[in-house]
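Let's take a friendly walk through a protein chain together. Have a look at the sequence and the 3D view first, and then read on.

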Amino acid sequence: MLTPMTNLPDGVLGFSAEGTIEDKDYKSVLIPAVEKALEKGGKIRFLYFLGPAFEKYAAGAMWDDTLFGARHYFDFEKIACVTDHDVLATTIKSFGFLFPAAIRVFPVNDLEAAKAWLAE
């Protein structure tokens, strides 16, 4: 399940991932929120929190993430991924240079530092 985060700096859009992230989470929560934010103009500063309650991505969600990323490739200014999941963190660090957005990975206990970086 993806849940919109509150108490974020102005201009930051954030989501918390819990349990298994499914296709419907992208289609009903994340994609509409990002597209609404883009209607306001400018690029998005994005916070993605994959804390201890996150379990995994379903295959359909991974496909949606790929399509979403391709469609909105240039729409992000900064992306902060907050996670203690080693495989995800390593993957993001390894491939982050392929994206035009600034991307950083933060450990879960540095959530506030991620918010501050996005607010800069």
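Among contacts between residues at least 6 apart in sequence, 73% join residues at least 24 apart. Keep in mind as you read that this is a predicted model.

Which elements does the chain have? It has four helices and seven strands. If you follow the sequence from its start, the order of these elements is β-β-β-α-β-β-α-β-α-β-α.

Now for the overall form. A compact globule with 120 residues would have a radius of gyration near 14 Å, and the value of 13 Å for this chain agrees with that. The table collects some values for the whole chain.

| Property of the chain | Value |
|---|---|
| Radius of gyration | 13 Å |
| Span of the C-alpha trace along the principal axes | about 30 × 30 × 30 Å |
| Buried share of the 120 residues | 38% |
| Exposed area | about 6,900 Å² |
| Share of the exposed area from carbon and sulfur atoms | 58% |

Next, turn to the surface. Which residues make the nonpolar surface patch of about 660 Å²? They are Tyr 73, Phe 74, Phe 95, Phe 97, Leu 98 and Phe 99.

One of these patch residues, Phe 95, is worth finding in the 3D view. Phe 95 lies in helix H3, which covers residues 86-95. Is Phe 95 buried, partly exposed or exposed? Its relative accessible area is 47%. Partly exposed means a value between 20% and 50%, so Phe 95 counts as partly exposed.

Technical notes. Residues are numbered from 1 along each chain as its sequence is written. This is a predicted model: local features need pLDDT of at least 70, side-chain atom pairs count only at pLDDT 80 or more; totals for chains, interfaces and linings use all residues. Side-chain values use heavy atoms; hydrogens and water are left out. Patches are made of residues with over 30% relative accessible area and no salt bridge: like charges are joined within 9 Å, nonpolar side chains (Val, Leu, Ile, Met, Phe, Trp, Tyr) within 5 Å. Accessible areas come from the Shrake-Rupley method with a 1.4 Å probe; for residues, only the protein chains shown count as cover. A salt bridge is a side-chain nitrogen of Lys or Arg within 4 Å of a carboxyl oxygen of Asp or Glu. Helices (H or I, at least four residues) and strands (E, at least two) are DSSP runs, numbered from the N terminus. Buried means under 20% relative accessible area, exposed over 50%, partly exposed in between (1.4 Å probe, protein chains only). The radius of gyration is taken over C-alpha atoms; the globule rule is 2.2 Å times the number of residues to the power 0.38. Contact means heavy atoms within 4.5 Å.
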